[in-house]
Amino acid sequence: MTLKLYGVARSRASRMIWLAKEIGIAYEQIPVIQAYRLADATTDTRLNTSSAQFRKVNPNGLIPTIDDDGFVLHESLAITLYLAKKHGGPLAPHDLKEDALMTMWSLWAVIDCEPHALTILQQRQLLEGERDLALIEKSKTALQKPFGVLDAALAKRGGTLVGGRFTVADINCAEVFRYAQAAPELFDRFARVKAWIATCQARPAFKEMMAIRNAEPA
Ligand SMILES: N[C@@H](CCC(=O)N[C@@H](CS)C(=O)NCC(=O)O)C(=O)O
């Protein structure tokens, strides 16, 4: 049975789509859209995160979720780690220590970096007069330390996060740091982070994922 992905590509489902394109995993996409993007989710006929039908699959009412032949999994980074490990190859951990490091970087990205990076993205998407400039500055300041940590780790490990090669850990972190690209000036002080994200985003699988995202209505 084909792997099912619940979620539109203009969501954190992008992470799984990027990984799937990297390792050639076939999947069927069920385009569940965020309820908040609809004028009225109760009357809209599109399957959305508040639809009763989707809530049966993910009671959190959040995308992405996968159904891998009856195995249902939520949380975008748990999904990429699971699929990488299931399919093996260079993107997956080769031993327990690599596995732990990939988990470490993924948790670090989502806990320590994502809230600030997302704030920057959401604020920069607002009209200029509507932005909370103090909040943007606060988030940029909060990201200085993680940017420094990432920059130093990339220097020490030769430009990728784990095992001297591009892995699922790079996908998970690069997808979080992509939000911070709404403030490109943040990257100017951290040359290795800037080079790393450029290299990650030059990969054909990333471009394929972005093309799928951009083909969806905004
Ligand atoms: N930690 C979760 C967050 C999932 C999440 O917040 N998804 C958003 C889309 S990117 C969503 O479904 N929002 C719909 C809603 O809030 O109704 C993950 O990484 O999968």
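Student: Let's start with Cys113: is this residue buried or exposed?
Tutor: Buried means under 20% relative accessible area and exposed over 50%, with partly exposed in between (1.4 Å probe, protein chains only). This is a predicted model, where local features need pLDDT of at least 70, side-chain atom pairs count only at pLDDT 80 or more, and totals for chains, interfaces and linings use all residues. Residues are numbered from 1 along each chain as its sequence is written, and side-chain values use heavy atoms, leaving out hydrogens and water. With a relative accessible area of 1%, Cys113 is buried.

Student: And how many disulfides are there?
Tutor: A disulfide here is a pair of cysteine sulfur atoms within 2.5 Å. By that rule, the count is zero.

Student: Which cysteine has the sulfur nearest to that of Cys113?
Tutor: Cys113 is in no disulfide. The nearest cysteine sulfur is 7.1 Å away, and it belongs to Cys173.

Student: Why is Cys200 without a bond to Cys173?
Tutor: Cys200 is buried too, at 3% relative accessibility. Its closest cysteine sulfur is the one in Cys173, but that is too far for a bond, because the separation is 9.1 Å.

Student: On to the ligand: which side chain puts a polar atom 2.6 Å from a ligand oxygen?
Tutor: Polar contacts are pairs of N or O atoms within 3.5 Å. Arg12 has a polar side-chain atom 3.0 Å from a ligand oxygen, and Glu75 has one 2.7 Å from a ligand nitrogen. The 2.6 Å contact to an oxygen comes from Ser76.

Student: What share of the ligand's area does the protein bury?
Tutor: Accessible areas come from the Shrake-Rupley method with a 1.4 Å probe. Taken alone, the ligand exposes 510 Å². Of that, the protein buries 79%.

Definitions and conventions:
Polar contact = N/O pair within 3.5 Å; in protein donor to acceptor, adjacent residues only side chain to side chain.
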